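Work through the exercises below with the coordinates open. Each task is followed by its solution in steps.

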Amino acid sequence: MGEKIVVGAGLAGLTAAINLRRLGYEVRVLERRDGIGGPARDMPTGELTYVMADGTPLDLKRIEDYTGIDISPACEPLEGTRIYSFGKRFDTRFPPNVPAYLVERGSRSASLDMHLYRIAVEEGVRFEFNHPLRTRRDFEALPPRSILATGLFRDAFQALGIPFVPVYGFFGQGMLPEEYRGPKVILYMDRYTWDYAFFSTIHGVAGALLFQRKRPLTAEAKRWFPERLARDEGLELPEWHELDVGVLPMGSFSNPRLFHERFILAGTLAGAQDPVLLFGVHGALVTGRIAATAVDDPEAGYREFRKVNRFWRLSYLNRRLIEATFPLGLKVISRAGFGLYPLYAPFALRYAFLIVPGWLRI
Ligand SMILES: Cc1cc2nc3c(=O)[nH]c(=O)nc-3n(C[C@H](O)[C@H](O)[C@H](O)COP(=O)(O)OP(=O)(O)OC[C@H]3O[C@@H](n4cnc5c(N)ncnc54)[C@H](O)[C@@H]3O)c2cc1C
């Protein structure tokens with residue numbers, strides 16, 4: 001069998017590459033950077049590499065059955081999250097029927113990206129690092145049915161004309177203080193951003209990101225978040241930086257797409273991310289597998305893709321409503337949602353996560 005090209009060595013690209021190898025193809029992955037690192041690589045912050053912990057609902061058994069990949073060694077159970085909604089604190093726990101995990105992203109050995117990379121190398125996938133595709137001509141030089149999985153980086157969206165919105169960020173990072181005993185994930189929803197700010201920690205590193213799609217963060221917002229983290233949680237991160245987070249596939253109702261021109265898309269570029277909270281790990285793994293299937297059987301791939309993204313438009317509509325009514329809409333929805341959480345979570349949270357591409361549908 002011939003060679004297949006995958007562009008992007010993140011979650012979706014690596015999952016696709018492993019599955020293509022198992023279908024019998026030679027596989028070459030082209031990656032713009034000098035190594036593995038997913039979305040979290042371009043920002044050396046002092047002595048630390050930019051590390052993020054992504055939280056996500058994940059049924060490990062279903063994911064393994066679907067992708068053929070056991071990711072459990074790279075997953076840490078996540079019991080709950082703390083949420084501050086417009087100043088009011090809520091501590092939530094995931095009910096037993098909603099398994100949730102934290103995964104490290106980035107280039108350290110314990111990250112999910114590195115876990116998938118090691119499996120890909122064992123399977124015989126070949127990698128070409130320092131190989132960015134930037135222009136339309138770069139992409140046109142690829143063979144038909146190449147898989148593009150370039151995440152939230154702008155180049156492929158721009159070169160191929162896929163609608164997107166930019167994301168502006170303010171990022172802090174440091175080692176976690178030894179005495180810290182608080183939750184692993186803290187979310188802030190407030191009038192300073194119509195997205196959210198969050199703190200997460202994994203394997204001794206603490207990261208915090210305030211971000212907003214479409215419009216830049218104000219100076220007031222950038223003062224507010226570090227101050228709140230210090231005051232509410234005693235967390236003082238030594239370094240804060242402006243961060244170009246990248247772009248999101250949320251420019252239009254038609255965004256999720258498995259096929260674009262001669263290419264097969266996966267992960268964020270395919271729109272496999274929930275439009276409200278931006279859960280994307282699940283969708284990247286699932287669509288990585290679907291993209292590999294679509295190389296041989298485009299119709300079967302397309303059917304699967306539609307199934308896993310069934311609730312995307314509804315979720316995108318919700319998102320647009322939040323923007324149109326911000327900040328009042330966000331305040332009412334988040335206060336009610338987290339205030340009533342103990343009542344509905346045990347039976348309804350499992351289904352609320354249907355907004356996550358592929359959740360309960362694989
Ligand atoms: C602010 C924010 C917070 C998030 N938090 C969460 C969370 O808590 N939980 C969750 O589930 N999801 C979260 N996500 C989403 C999640 O990070 C992504 O959906 C997921 O990483 C998508 O995987 P991917 O394979 O599509 O892209 P990535 O894992 O980003 O991989 C893309 C790869 O392609 C390479 N690449 C990019 N462009 C090119 C090019 N032109 N040429 C060659 N190589 C290229 C990159 O270097 C990278 O290695 C968050 C996203 C954002 C923006």
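The exercises concern a predicted model, and they cover the ligand site and then one loop residue.

**Exercise 1.** Identify the residues that come nearest to the ligand, and list polar contacts made with the ligand.

Solution.
- Step 1. The shell around the ligand holds 36 residues, of which A12, E31, G55, R105 and L133 come nearest.
- Step 2. For E31, a polar side-chain atom is 2.6 Å from an oxygen atom of the ligand.
- Step 3. For R32, the partner is a polar backbone atom, 3.1 Å from a nitrogen atom of the ligand.
- Step 4. For Q273, a side-chain N or O atom lies 3.3 Å from an oxygen atom of the ligand.
- Step 5. The ligand taken alone exposes 1000 Å², and the protein buries 97% of this area.

**Exercise 2.** Determine which elements give two or more residues to the shell around the ligand, and how the shell residues divide by type.

Solution.
- Step 1. The elements that give two or more residues are helices α1 (11–22) and α7 (281–296), with strands β3 (52–57) and β13 (205–213).
- Step 2. The most comes from β3, which gives 3 residues.
- Step 3. By type, the shell has 18 nonpolar, 12 polar and 6 charged residues.

**Exercise 3.** Locate T150 in the chain and decide whether T150 is buried or exposed.

Solution.
- Step 1. T150 sits in the loop that runs between β9 (147–148) and α5 (154–160).
- Step 2. The relative accessibility of T150 is 16%, and the cut-off for buried is under 20%, so T150 counts as buried.
- Step 3. Leaving out residues up to four places away in sequence, T150 touches V7, A156 and L269.

How values were computed:
Residues numbered from 1 in each chain as written. Predicted model: local features only at pLDDT ≥ 70, side-chain atom pairs only at ≥ 80, totals over all residues. Heavy atoms only, no water. Helix = DSSP H or I, 4+ residues; strand = E, 2+ residues; numbered from the N terminus. Buried < 20%, exposed > 50% of the residue type's maximum accessible area, 1.4 Å probe, protein only. Contact = heavy atoms within 4.5 Å. Near = heavy atom within 4 Å. Polar contact = N/O pair within 3.5 Å; in protein donor to acceptor, adjacent residues only side chain to side chain. Areas by Shrake-Rupley, 256 points an atom, 1.4 Å probe, with all protein chains shown as cover. Nonpolar A, V, L, I, M, F, W, Y, C, P; charged D, E, K, R; others polar.
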